[in-house]
Each structure stands twice: as C-alpha cells, then as structure tokens.
Amino acid sequence: MSAKRIKEGALVRIDLNNGFDAFARVLPNAQAAFYAFKCGHKEEIDYSKVYESEVLFITAVMKYAFKAEGWSLVDERPLELELLAPRNYFMKDGLNGKYSIYRSSDGAICNSSKEHCQGLEEAAVWDPEHIEERLRDHFNGRLNTQVAQMKLKLQ
C-alpha cells in the first residue's frame, strides 16, 4: 500500500526492533488503536487475526508516525463502530492540580474530578518511538515508565 495517503481504517504494521511486529489502526482525530497482537518481523499473517484481537489502548499519535521508518501500511478496512466512538482523555493542570476531561470527537474540555478521570488515558500525543517502547514493554510484561507517570497523576 502507498505510504502517501493515510486513511482512517488503515492497518499499520510496526517494527518493534526486537524481532517482532505489532499493529495499529488509524482512527479519526489523530488517534490510533493498538492491538494485543504481535508476530515475527518477517512472518506472513492473515490480517483478520489482528482485527479480531483485543485493543490494548487508544491514544493520539503524531501524524508523522504513520510515515516513520518501521511503520508500514499493510491493509485497510472500514472502522468498526466501537473504534469510531468518541474517546475521553484526562488532563491535570500542572499549576492548580485541577482535573478536566478532553473529548476527542470535538475537542471539548470540561471540568472534572480525579475520580471521574480514573481509567482514562492522559491527553497526550505520542511520538512513534514512545509507542514502540510502550508496545515492547507490554509484550515483555513490563510497566512502561511513561504510562506509570500518567497513572501517578491520578493518585
């Protein structure tokens, strides 16, 4: 597939630089869904196995990530309804410590409490190398340091 046009629903194969690849789907609003599926770097697979696997996390990703070295477009399908649903992310003001929720679909921000932010991903836009590290950590059973820092903000 051409790396020039990145469309919603595209399936991206990500070289984790450890002999394995992971997968993500391109979502609206600069987001991507990352799957709990990995395979050998040169392994031929049936992509339906990826689509059927669990989504590990959904987060915003820098647009250039989808053209980064080691990230290749391999398939494309219309997005399932659950992947089109608006996502909420938490934010914590570094000065006053107040919490708010950011809605991905329209950029709306509303005041919130720490309790309502529990279980949400922090509003952040990830670079490709940090996504790769997060995926490697997941598949190796390690807590990712950036994810751990985000969780500390909710304690």
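## Close-up views of a predicted model

**View 1. Arg77 is partly exposed, with a relative accessible area of 34%.** Please keep in mind from the start that this is a predicted model. Which residue forms a salt bridge with Arg77? The partner is Asp75, and the closest N and O atoms of this salt bridge are 3.8 Å apart. Side chains of opposite charge can pair when their charged atoms come close. The cut-off for a salt bridge is 4 Å between a side-chain nitrogen of Lys or Arg and a carboxyl oxygen of Asp or Glu, so the pair of Arg77 and Asp75, at 3.8 Å, counts as one.

**View 2. Arg103 and Asp106 form a salt bridge.** In this view, the closest N and O atoms of the two residues are 2.7 Å apart. Arg103 counts as partly exposed, at 35% relative accessibility. Counted by the same kind of rule, the salt bridges come to eight.

**View 3. Arg13 sits in strand 1 and reaches out to two residues, Asp21 and Glu43.** Strand 1 covers residues 10-15. Is Arg13 buried or exposed? Arg13 is buried, with a relative accessible area of 9%, because the cut-off for buried is under 20%. Its side chain meets that of Asp21 in a salt bridge, with 2.6 Å from N to O. Asp21 is buried too, at 2% relative accessibility. The side chain of Arg13 also reaches the backbone oxygen of Glu43, at 2.8 Å.

**View 4. A look at the cysteines turns up zero disulfides in the whole structure.** Cys117 is in no disulfide, and the nearest cysteine sulfur, that of Cys110, is 8.6 Å away. A disulfide is a covalent bond between the sulfur atoms of two cysteines. The cut-off used here is 2.5 Å between the sulfur atoms, so Cys117 and Cys110, at 8.6 Å, do not qualify. Cys117 is buried, with a relative accessible area of 0%. Cys39 is buried as well, at 3%.

**View 5. The largest pocket has a volume of about 460 Å³.** Among the 21 residues that line it, the closest to its centre are Phe57, Glu121, Arg134, Val147 and Lys151. Several elements each supply at least two lining residues: strand 4 (55-61), strand 6 (88-92), strand 9 (121-122), helix 4 (128-139) and helix 5 (145-152). How many of the lining residues are nonpolar, polar and charged? The lining divides into ten nonpolar, four polar and seven charged residues.

**View 6. Glu129 lies in helix 4.** Glu129 is partly exposed, with a relative accessible area of 41%. Now find Leu16: the two residues are 113 residues apart along the chain, and their C-alpha atoms are separated by 9.1 Å.

**View 7. The second largest pocket has a volume of about 160 Å³.** To find its lining, look for Ile6, Lys7 and Glu8, then Val26, Leu27, Pro28, Asn29 and Ala30, and finally Val61, Lys63 and Phe66. By class, this lining has seven nonpolar, one polar and three charged residues.

How values were computed: Residues numbered from 1 in each chain as written. Predicted model: local features only at pLDDT ≥ 70, side-chain atom pairs only at ≥ 80, totals over all residues. Heavy atoms only, no water. 1 Å grid on protein atoms, 1.4 Å probe; cavity = no way out; pocket = protein on both sides within 12 Å on 5 of 7 lines; lining within 4 Å. Points joined across faces, edges and corners; volume = space filled by probe spheres on them. Helix = DSSP H or I, 4+ residues; strand = E, 2+ residues; numbered from the N terminus. Nonpolar A, V, L, I, M, F, W, Y, C, P; charged D, E, K, R; others polar. Buried < 20%, exposed > 50% of the residue type's maximum accessible area, 1.4 Å probe, protein only. Polar contact = N/O pair within 3.5 Å; in protein donor to acceptor, adjacent residues only side chain to side chain.
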